[in-house]
Amino acid sequence: MVFASAISSPVKAAVDFDHDGKADFALFRPSNKVWYSQSADKSSFNAFRWGLVTDKLVPADYDGDGQTDIAVWRPEDGIWYISRSSDSRVQYVRWGTTTIHPTGGLEDVPVVGDYDGDGTADIAVWRPDSGEWFLLRSSTAFDQTRYERVRWGKLGDVPVQADYDGDGRTDIAVFRPWENRWYIMQSSDGHIRYETFGRAGNDLLLPADYTGDGKADIAVYRGGTWFVLNSKTREVEPFAFGFADDVPVPADYDGDGATDFAVYRKGIWYINDSSTPQFRTFNFGLDTDIPLNSLDVKQSIVSAP
């Protein structure tokens, strides 16, 4: 399975190009470098060529118009290439270190989120070597002289940023594989939260708001079963949905404010709507495509460069 860099933001629970409040069926096709999206009622279809195969996919709402912008981060030059939906302008922002450092260090990891709570995505990277987060806030118009630097995590950790405390701001967080522990720095009160949850290696990390209470739930996908630590009840709620080789694509497909369990399998989307609940399928894509709603999903162990 192929996963691109993750993105998690209270601005957008998932990719929404048509601004209807529901996650789109959206894909990136590496063979032709085209982004495809379609609404569930098939009233809206878009295809847009953008980026290179080696780019990291970082779609988010960078201009604050409520629509997801197509965007990539290019490790070769450290530049973010953003196609703004509000005015069709192309925005270039250099932020983050490039590919492999001469000294042997690892490249930065894009960690997009709304860290300042203004409803617009911030440009951000996490530096594995030092465990530092470098945040370029939208509220400062991405002014590089006013960036924020936070040390959180260490080499081998996996960044799992999300809004865990429900204050509308993305919380800085990491998963530590050798401890199976989540370390969360809550933005609302500065409280440090520790949770032991999941099994590093087989699990996929996919925090999101599955209960609809405005807070991201700690969650993993394990061989076809979803395990969610309910932020309301503190109970673990397993749900069997999918197979071991499926690509999880959690998102709010029915627009009820809660993330739906969903998987992508060889061009077919399988969705369990939380509002009904009902099971439905949607045929869109190829086996080799990257579903954009998988971008929040991360491997629980960092791969060697």
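The exercises below concern two sheets and one loop residue in a predicted model.

**Exercise 1.** Work out which strands are the edge strands of the open sheet with the order S4-S5-S6-S7, and which residue in S7 is the bridge partner of Ile-79.

*Solution.* Begin with the order S4-S5-S6-S7, in which the 4 strands of this open sheet pair in the antiparallel sense. Strand S4 (56–57) and strand S7 (90–94) each pair on one side only, and they are the edge strands. Turn next to strand S6 (residues 79–83), which pairs with S7 over 5 bridges in the antiparallel sense. Within this pairing, the bridge partner of Ile-79 in S7 is Arg-94.

**Exercise 2.** Explain why one side of S3 and one side of S24 are left without a neighbour in their sheet, and find which residue in S24 stands opposite Phe-28.

*Solution.* The second open sheet, again with antiparallel pairing, has 4 strands in the order S3-S2-S1-S24. Strand S3 (45–49) and strand S24 (290–291) stand at its edges with a single partner strand each, so one side of each has no neighbour in the sheet. For S24, the antiparallel pairing with strand S1 (residues 25–29) runs over 2 bridges, and Ile-290 in S24 is the residue that stands opposite Phe-28.

**Exercise 3.** Locate Thr-68, decide whether Thr-68 is buried or exposed, and state which backbone atom its side chain reaches.

*Solution.* Thr-68 belongs to the loop between S4 and strand S5 (70–74). Its relative accessible area is 4%, and because buried means under 20%, Thr-68 is classed as buried. Finally, the side chain of Thr-68 reaches the backbone nitrogen of Asp-16 at 2.9 Å, which falls within the 3.5 Å limit for a polar contact.

Methods: Residues numbered from 1 in each chain as written. Predicted model: local features only at pLDDT ≥ 70, side-chain atom pairs only at ≥ 80, totals over all residues. Heavy atoms only, no water. Pairing = 2+ DSSP bridges. Buried < 20%, exposed > 50% of the residue type's maximum accessible area, 1.4 Å probe, protein only. Polar contact = N/O pair within 3.5 Å; in protein donor to acceptor, adjacent residues only side chain to side chain.
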